[in-house]
Amino acid sequence: MKERNPYCLLAFAIVLIWALWNYNVSLKLLAGIYDVLLPFVIGGCMAFIVNVLMKKLEQYWRRIFKQSVVTRFERPVCLLLSLAIIIGFLAFFVLTIVPELHASMKMLVKMLPPALAKLNIYLQQKAQELSLSADELAVVQAQAKEVYQTMLNYLQNNKRLLLEQTFLATASLVEVLANCVIGFVVAIYCLLEKHRLVRNFKRVIFAFCSKERAAYILHVLQTAEQIFRGFVGGQLVVALLLGVMYFVSMKLCSFPYATVISLLVAVLSLIPILGTLISALIGCFLILVAAPEKIWYFIILYIVLQRIEADLLYPKIVGKAVGLSELWVLAAVTIGASLGGVAGMIVCVPLFSVLYALLAEKVKRLLAEKNLSNL
């Protein structure tokens with residue numbers, strides 16, 4: 001076995017001690033590295049998600065064109081088909097949701113003046129029922145004007161701050177869009193050259209590690225890839241079933257905007273917690289504009305179906321896809337939410353599953369060495 005170079009260990013220890021001692025500089029350096037690598041991370045995530053669909057299309061391509069001349073076009077054609085399917089679905093989603101929201105906003109603008117007039121009449125009636133004197137009404141009106149003037153003064157006195165915040169938000173949005181564009185280009189390159197990239201990565205691993213360690217690293221990465229791919233597929237299945245449940249339930253209950261709300265819930269359910277909240281707010285807004293008397297029934301239906309999705313569908317389907325039981329999926333979601341919020345929930349389930357699979361393999365091997373495999 002090759003002996004470790006003591007000078008390398010000493011240099012690593014010195015660098016580690018310096019990094020811990022100057023942690024402020026280390027954190028800034030890590031933040032700079034993260035900003036540089038972020039487009040590549042985004043591109044890798046895009047490539048991984050597109051590759052889930054692309055692999056299926058490649059399998060069908062090989063079944064149809066067995067040992068044919070067109071097999072050389074397998075990868076670019078399957079990539080174009082995958083992108084066309086994903087972009088087409090996103091375009092269908094946007095073109096379905098945006099016009100309905102625009103129509104609802106126009107309807108709300110038309111309804112607003114009569115609603116304000118009714119509110120004014122209602123307040124006047126309540127004032128008469130409470131028998132408020134002229135002085136008391138004047139006090140209420142003065143307080144309302146004072147609140148309005150306070151808000152107006154705040155906006156006027158903080159124009160520069162609001163302008164700076166708007167500029168920063170716009171710059172952040174532009175940066176995010178730029179990173180996404182670069183990430184998309186990186187994803188296309190990775191998908192077109194994925195076999196070459198995998199082969200070169202294996203060469204690097206075997207060059208710097210022993211055969212046993214390199215084989216174990218590749219096994220861990222292969223296990224992680226299978227589990228993350230199953231996680232993405234399970235998420236899509238849950239989203240589809242949730243959309244179907246909403247569509248059927250809303251049609252049976254004669255709710256307006258059944259198709260739009262069902263599609264919105266299905267797509268946004270891929271974003272834990274935040275997506276659920278956004279779809280709930282938009283759904284309530286649409287129901288409130290079209291049929292305000294059904295808003296409470298929609299809220300009850302929403303709560304019931306969300307509990308079914310969170311307690312039954314997600315643990316059962318996603319847990320089966322990643323190899324975890326319902327209990328461990330719920331534990332992973334809870335831990336991920338407490339550690340990293342929405343991002344923690346998304347990453348923690350497949351990561352937890354990878355650790356669980358590796359630990360199960362380790363336990364099985366140790367028991368076999370002790371002749372206790374029957375436990």
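**Figure 1. Helix 6 packs against helix 7.** To read this view, you need to know that an axis here is a line fitted to the C-alpha atoms over the stretch of helix in contact, and that angles run from 0 to 180 degrees between N-to-C directions. Keep in mind, too, that this is a predicted model. Two packed helices are described by the angle between their axes and the distance between the axes. Here, helix 6 (residues 194-208) and helix 7 (residues 211-252) meet at about 140 degrees, and their axes are 8 Å apart. On the helix 6 side, the contact uses Phe201, Lys202, Ile205 and Phe206. Helix 7 brings Lys211, Ala214, Ala215, Ile217, Leu218 and Leu221. Sort these residues by type and you get eight nonpolar, two charged and no polar.

**Figure 2. Lys55 and Glu225 pair up in a salt bridge.** This is a view of two side chains whose N and O atoms come to 3.5 Å. Lys55 sits in helix 2 and Glu225 in helix 7, so look for distant parts of the chain, 170 residues apart, with a link between them. Are the two partners buried or exposed? Neither label fits, because a residue between 20% and 50% relative accessible area is called partly exposed. Lys55 comes in at 30%, and Glu225 at 24%.

**Figure 3. Glu58, Arg62, Glu74 and Lys194 belong to one salt-bridge network.** Start with Lys194 and Glu58, whose closest N and O atoms are 3.3 Å apart. This pair links helix 6, home of Lys194, to helix 2, home of Glu58, across 136 residues. Both Lys194 and Glu58 are buried. Now move on to Glu74 and Arg62, which form a salt bridge at 3.0 Å, N to O. Glu74 lies in helix 3 (residues 74-129) and Arg62 in helix 2, so this salt bridge ties together parts that are 12 residues apart in sequence. Glu74 counts as buried, at 13% relative accessibility, while Arg62 is partly exposed at 41%. Salt bridges with shared partners join these four residues into the network. For the model, the salt-bridge count comes to five.

**Figure 4. Nonpolar side chains form a patch on the surface.** The patch covers about 910 Å². Which residues make this patch? They are Tyr23, Leu27, Leu29, Leu30, Ile33, Val36, Leu37, Phe40 and Val41. Take Leu37 as a place to start: this residue is found in helix 2 (residues 23-64). Leu37 is partly exposed, with a relative accessible area of 44%. Patch residues need over 30%, so Leu37 clears that cut-off at 44%.

Note on methods. Residues are numbered from 1 along each chain as its sequence is written. This is a predicted model: local features need pLDDT of at least 70, side-chain atom pairs count only at pLDDT 80 or more; totals for chains, interfaces and linings use all residues. Side-chain values use heavy atoms; hydrogens and water are left out. Patches are made of residues with over 30% relative accessible area and no salt bridge: like charges are joined within 9 Å, nonpolar side chains (Val, Leu, Ile, Met, Phe, Trp, Tyr) within 5 Å. Accessible areas come from the Shrake-Rupley method with a 1.4 Å probe; for residues, only the protein chains shown count as cover. Helices (H or I, at least four residues) and strands (E, at least two) are DSSP runs, numbered from the N terminus. Buried means under 20% relative accessible area, exposed over 50%, partly exposed in between (1.4 Å probe, protein chains only). Contact means heavy atoms within 4.5 Å. Ala, Val, Leu, Ile, Met, Phe, Trp, Tyr, Cys and Pro count as nonpolar, Asp, Glu, Lys and Arg as charged, and the others, Gly among them, as polar.
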